[in-house]
Amino acid sequence: MSQQPRSWMKFSTRKHGVLYARYQAIYDGVDALAAIAFIVGSALFFSESTKTMATWLFLMGSVFFAVRPLVHLVRDFHLARLPEQAEAEEG
């Protein structure tokens, strides 16, 4: 997967774009893990002997869904701390 920002996105500096792309990859990974946990957990509910594992997978999927907005918050704070274009050219 490319760490390059999409061409239609405009960022103050290249570093802003690369950082945004990295956080998007983390977000997508967490999203995929949540989906997998819910799908596997759903399948495990068909058998009485695997209901405990299914319940744990549903809990894990829920935690992944709770982490998703935190990834965006951390990304936004991280981007806000980076210098803007003019500041980056000076220093």
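Student: Why does arginine 75 count as buried?

Tutor: The model is predicted, and in it arginine 75 has 8% relative accessibility. Buried means under 20%, so arginine 75 counts as buried.

Student: What makes the pair of aspartate 76 and arginine 75 a salt bridge?

Tutor: Their closest N and O atoms are 3.0 Å apart. The limit is 4 Å between a side-chain nitrogen of Lys or Arg and a carboxyl oxygen of Asp or Glu, so the pair qualifies.

Student: Is aspartate 76 buried, partly exposed or exposed, and why?

Tutor: Aspartate 76 has a relative accessible area of 39%. Partly exposed lies between the 20% and 50% cut-offs, so aspartate 76 is partly exposed.

Student: How many salt bridges are there by this rule?

Tutor: The count comes to three. One of them joins arginine 68 to aspartate 31, with the closest N and O atoms 3.1 Å apart.

Student: Why does that pair tie together parts that are apart in sequence?

Tutor: Arginine 68 lies in helix 2 and aspartate 31 in helix 1, so the bridge links parts that are 37 residues apart in sequence. Aspartate 31 is partly exposed, at 27% relative accessibility.

Student: How do you know that lysine 51 and glutamate 48 form a salt bridge?

Tutor: The closest N and O atoms of lysine 51 and glutamate 48 are 3.4 Å apart, and the cut-off is 4 Å. Lysine 51 is partly exposed at 31%, whereas glutamate 48 has a relative accessible area of 64%. Exposed means over 50%, so glutamate 48 is exposed.

Student: Which residues make up the largest nonpolar core?

Tutor: The core has eight residues: Met9, Leu19, Tyr20, Tyr23, Tyr27, Val71, Leu79 and Leu82. Helix 1 (14-44) and helix 2 each supply at least two of them, and the largest share, four residues, comes from helix 1.

Student: What makes this set a core?

Tutor: Its members are buried nonpolar residues joined through side-chain atoms within 4.5 Å. Leu19 also touches His78, Leu79 and Leu82, leaving aside residues up to four places away in sequence.

Student: Which residues form a nonpolar patch on the surface?

Tutor: Met53, Trp56, Leu59 and Val63 form the patch, with about 430 Å² of accessible area together. Methionine 53 is found in helix 2 (residues 51-81). Patch residues need over 30% relative accessible area, and buried means under 20%, so the patch members are not buried.

Student: Why is the pattern of the protein chain written α-α-α?

Tutor: The secondary structure comes to three helices and zero strands, and α-α-α is the pattern read along the sequence.

Technical notes
Residues numbered from 1 in each chain as written. Predicted model: local features only at pLDDT ≥ 70, side-chain atom pairs only at ≥ 80, totals over all residues. Heavy atoms only, no water. Patch = residues over 30% accessible without salt bridge, like charges linked within 9 Å, V, L, I, M, F, W, Y side chains within 5 Å. Areas by Shrake-Rupley, 256 points an atom, 1.4 Å probe, with all protein chains shown as cover. Helix = DSSP H or I, 4+ residues; strand = E, 2+ residues; numbered from the N terminus. Buried < 20%, exposed > 50% of the residue type's maximum accessible area, 1.4 Å probe, protein only. Contact = heavy atoms within 4.5 Å.
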